[in-house]
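I sat down with the coordinates to look up a handful of places and to write down what I found at each.

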Amino acid sequence: MRKVELILFFVVLTAYSFFVQYPNVNQNTRFDLTRAMVEEHTVSIDRYQENTVDKSYFNGHWYADKAPGLSFVALVPYALFLRLQPVNDPAVWPGYPMSVVNTIAVALPAALLVLLVLRWVRTVTEDEQVALAVAVVFALGTLALPFATLFFGHMTSAFFSFAAFYAIWQIAGRSRSSPAGDRDRQGSAWRLFGAGLMAGLASIIEYPNALIAGLLLFYALAILQDKKRVALY
């Protein structure tokens, strides 16, 4: 990783982590599901449902009405957080655990997305300054900034979708620049599998990303010579 990439990553991650949004019903329903799975070992949010109107009722139980992917991503960070700070402590502001978990589940993927944008634009334009300018404007001058500070699925799913595209795009570039040896085939196979995994994760974080996953399938079919290997995706 280049020095400029490290600096950009830490600056963006710091900016995304610095701003703490006040809890709202949209964030709460996702975080309620995480809490329910970690604390209650259930997917019903009965214990926490009063803090949100974004919920559904079925067979006597309340459930989050959002795609569950972000809640799954937040499971490990929240479980680790509980070991350091009991959330039932009256001194703990309810938005505090959410903001801490958001740093790992949303801000970190968002900062990684900025790096991928930098690398992709650098390769396409072959201009370091243009790539850096695009990455900075995207990171701090678009809706990426506010959404990276919210416990929404937008930026996390965007990272996984773009990472899936980036992996397939790299395979195409490698196949054009060098003959396909056994090591190259093995590497591209893992990239295809990883691309499919990331596209799938993006889809369960925000359901509309399934459309992007489908488009990436057609993209892979269009650019890869060995069509059978696309099954790995």
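The entries below follow the order in which I looked things up.

Entry 1, the model. I noted before anything else that this is a predicted model, and I read every value here as computed from it.

Entry 2, Thr34. I looked up where Thr34 sits and found it in helix α2, which covers residues 25-40. I then asked whether Thr34 is buried or exposed. Its relative accessibility is 0%, and because buried means under 20%, Thr34 counts as buried. Leaving aside residues up to four places away in sequence, I listed its contacts as Ser71, Ala74, Leu75, Tyr78 and Phe151.

Entry 3, the second largest pocket. I stayed with helix α2 for this entry, since α2 gives the most to the lining of the second largest pocket, with four residues. I recorded a volume of about 230 Å³ for this pocket and a lining of 13 residues, among which Phe31, Asp32, Arg35, Asn51 and Pro94 lie nearest its centre. The elements that give two or more residues to this lining are α2 and α5 (95-125). I also asked how the lining residues divide by character, and wrote down nine nonpolar, two polar and two charged.

Entry 4, the hairpin. I looked up how strand β1 (residues 55-58) meets strand β2 (residues 61-64), and found that the two run antiparallel and are joined by four bridges. Tracing one of the partners, I found that Phe58 is bridged to His61 in β2. The hairpin has two residues between the strands, and Asn59 takes a positive phi near 50 degrees there.

Entry 5, Ala133. I placed Ala133 in helix α6, residues 128-140, and noted that it is partly exposed, with a relative accessible area of 40%. I also checked its distance to Val121, which is 12 residues away in sequence, and found 9.8 Å from C-alpha to C-alpha.

Entry 6, Asn209. I found Asn209 in helix α10, which covers residues 209-223. With a relative accessible area of 10%, Asn209 is buried, as the limit for that word is under 20%. Which residues does Asn209 touch, not counting those up to four places away in sequence? I listed Ser157, Ser161, Ala202 and Ser203, and for Ser157 I added that its side chain and that of Asn209 are joined by a polar contact of 3.4 Å.

Terms used: Residues numbered from 1 in each chain as written. Predicted model: local features only at pLDDT ≥ 70, side-chain atom pairs only at ≥ 80, totals over all residues. Heavy atoms only, no water. Buried < 20%, exposed > 50% of the residue type's maximum accessible area, 1.4 Å probe, protein only. Contact = heavy atoms within 4.5 Å. 1 Å grid on protein atoms, 1.4 Å probe; cavity = no way out; pocket = protein on both sides within 12 Å on 5 of 7 lines; lining within 4 Å. Points joined across faces, edges and corners; volume = space filled by probe spheres on them. Nonpolar A, V, L, I, M, F, W, Y, C, P; charged D, E, K, R; others polar. Pairing = 2+ DSSP bridges. Polar contact = N/O pair within 3.5 Å; in protein donor to acceptor, adjacent residues only side chain to side chain.
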